[in-house]
Amino acid sequence: MTSTLLTNIGQLVSWDDEQPIREKAALVIEGDRVAWVGSSSVTPLADERIDVDGAAVVPGFVDSHTHLVFGGDRSEEFEARLAGQPYAAGGIRTTVAATRALPTPQLRVRATRLAAEALRSGTTTLEIKSGYGLTVEDELRSLEVASTLTPHRTFLGAHVVPEGSDASNYVDLVTGPMLEAVAGVASAIDAFCEEGAFDEDQCRRVLTAGAARGLAVHVHANQLRPGPGVQLAASLGALSADHCTHVTDEDVTALRDSGVVAVLVPAAEFSTRSAYAPARRLLDAGVSVAVATDCNPGTSFTTSMGFVIALACRELGMTPREALHAATAGGASALAQRDVGHLRVGARADLVVLDAPSYVHLAYRPGVDLVRSVIRRGEVVR
Ligand code: NIG
Ligand code: FE
């Protein structure tokens, strides 16, 4: 097994218990794992040596919430929003039509391009949801496309009731033949609990059916208005409640007590021109918080976790350290992954070398490509 010494690291964020952030550091990669972390003044021997010349090194980003598989775009809807039009869940149907119309090879090419864009910007772990197919066949092919890109694929058949369907019959389809078809390809299930999408009972049916098939549970919760989504996530022992834009004190307590991760997606609020999630209230109450891109053509067409970190600092009131933690270790918790999102010994060697002396630059220099190099599973991929 080849070993590589990364040395002369100006600032290393490993999230190690004793020294979560260390200056003048070095790290050894053996195969696809982190084998040693310490000071750059006394380093072990290795087969190869990379001098990063004082750069900061952070764990690869963990984007725990994306909808990367879709056809078309909704730039016209975005432009209309800038002219004052509000966002509504029904816009999803536009993308459903475009996705169904796209042959699988093109669907794959487009999703692969977005996943590559995410990787170039430092995302080494990616979750991908279906949800723009909404037929057995189209949900299955969306998840099959996702399966070529990531092990973290989430069945979101309950995204919106498709045109011409009745809600109750559609939920029967999702919990019956659709789930049956996708259960072997999906690793998790999600439902959009919102007015205009699915109500609490419908979401509970969908999510418990998925859980019974061994799928992990995520919930699109409390995005557009207060609602039952967060409490539902807590009562089902979901891995995460995502969005959490409109939460009550009881919701905050339920998240804290259940250990459900609140996945905040500030780029969606940026793009929909909505109020931002109350990250401070959540963090101060002791809730586990992740940040993710929510990359999708309707509410958040970005793959950039750097942009999300900058928004988390500027708009969610998070410190740069909290934001980076949420974008790495937080995302790993939302996906129940223990070996990513940190760089302690034994972690997967997924890391980003920044073109900056400190991780703070991720928020301090918004819109700038600060990624000098990306290493995934021990391989330099950028
Ligand atoms: O997470 N909220 C539900 N789904 C997406 C938006 C989907 C769309 O508008 O196409 C989201 O924001
Ligand atoms: Fe989403």
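Begin by selecting L12 in strand 1 and R22 in strand 2, which stand opposite each other. The model on display is predicted.

**Strand 1 and its partners**

Extend the selection to strand 1 (residues 3–13) and strand 2 (residues 21–30). These two strands run antiparallel and are joined by 8 bridges.

Next, add strand 4 (residues 48–51), which runs parallel to strand 1 and is joined to it by 4 bridges. To find one of the paired positions, select L5, whose bridge partner in strand 4 is R49.

Then add strand 5 (residues 56–59), which pairs with strand 1 in the parallel sense over 2 bridges. Return to L12 here: its bridge partner in strand 5 is V57.

Why is strand 1 largely enclosed by the rest of the structure? Of its 11 residues, 8 are buried, so the strand is largely enclosed.

**The two domains**

Colour the chain by domain: domain 1 comprises 3–60 + 342–380, and domain 2 comprises 61–334. The C-alpha centres of domain 1 and domain 2 are 30 Å apart. Where the domains touch, 17 residues of domain 1 are in contact with 19 residues of domain 2.

On the side of domain 1 that touches domain 2, select strand 5, helix 13 (361–364) and strand 15 (371–376), each of which supplies at least two residues. Strand 15 provides the largest share, with 3 residues. By class, this side of domain 1 has 13 nonpolar, 2 polar and 2 charged residues.

**Helix 4**

Move to helix 4 (residues 136–147) and select its end C-alpha atoms, which are 16 Å apart. This distance agrees with expectation, because 12 residues at 1.5 Å a residue should span 16 Å.

Which residues of helix 4 are buried? They are D138, E139, L140, R141, S142, L143, V145 and A146. Display the elements against which these buried residues pack: helix 2 (92–101), helix 3 (104–120), strand 7 (123–129), strand 8 (152–158) and helix 5 (167–182).

While the helix is in view, recall that an α-helix has 3.6 residues a turn, so residues three or four places apart point the same way.

**Ligand 1**

Finally, centre the view on ligand 1, which is surrounded by 13 residues. Select I92, F192, N296, G298 and T299, which are the closest. By class, the shell around ligand 1 contains 4 nonpolar, 8 polar and 1 charged residues.

Note on methods. Residues numbered from 1 in each chain as written. Chains lettered and ligands numbered in written order. Predicted model: local features only at pLDDT ≥ 70, side-chain atom pairs only at ≥ 80, totals over all residues. Buried ≥ 20, exposed ≤ 12 C-beta atoms within 10 Å, placed from the backbone. Pairing = 2+ DSSP bridges. Near = placed C-beta within 6 Å. Nonpolar A, V, L, I, M, F, W, Y, C, P; charged D, E, K, R; others polar. Expected span 1.5 Å × (residues − 1). Contact = placed C-beta atoms within 7 Å. Domains from an automatic or database assignment.
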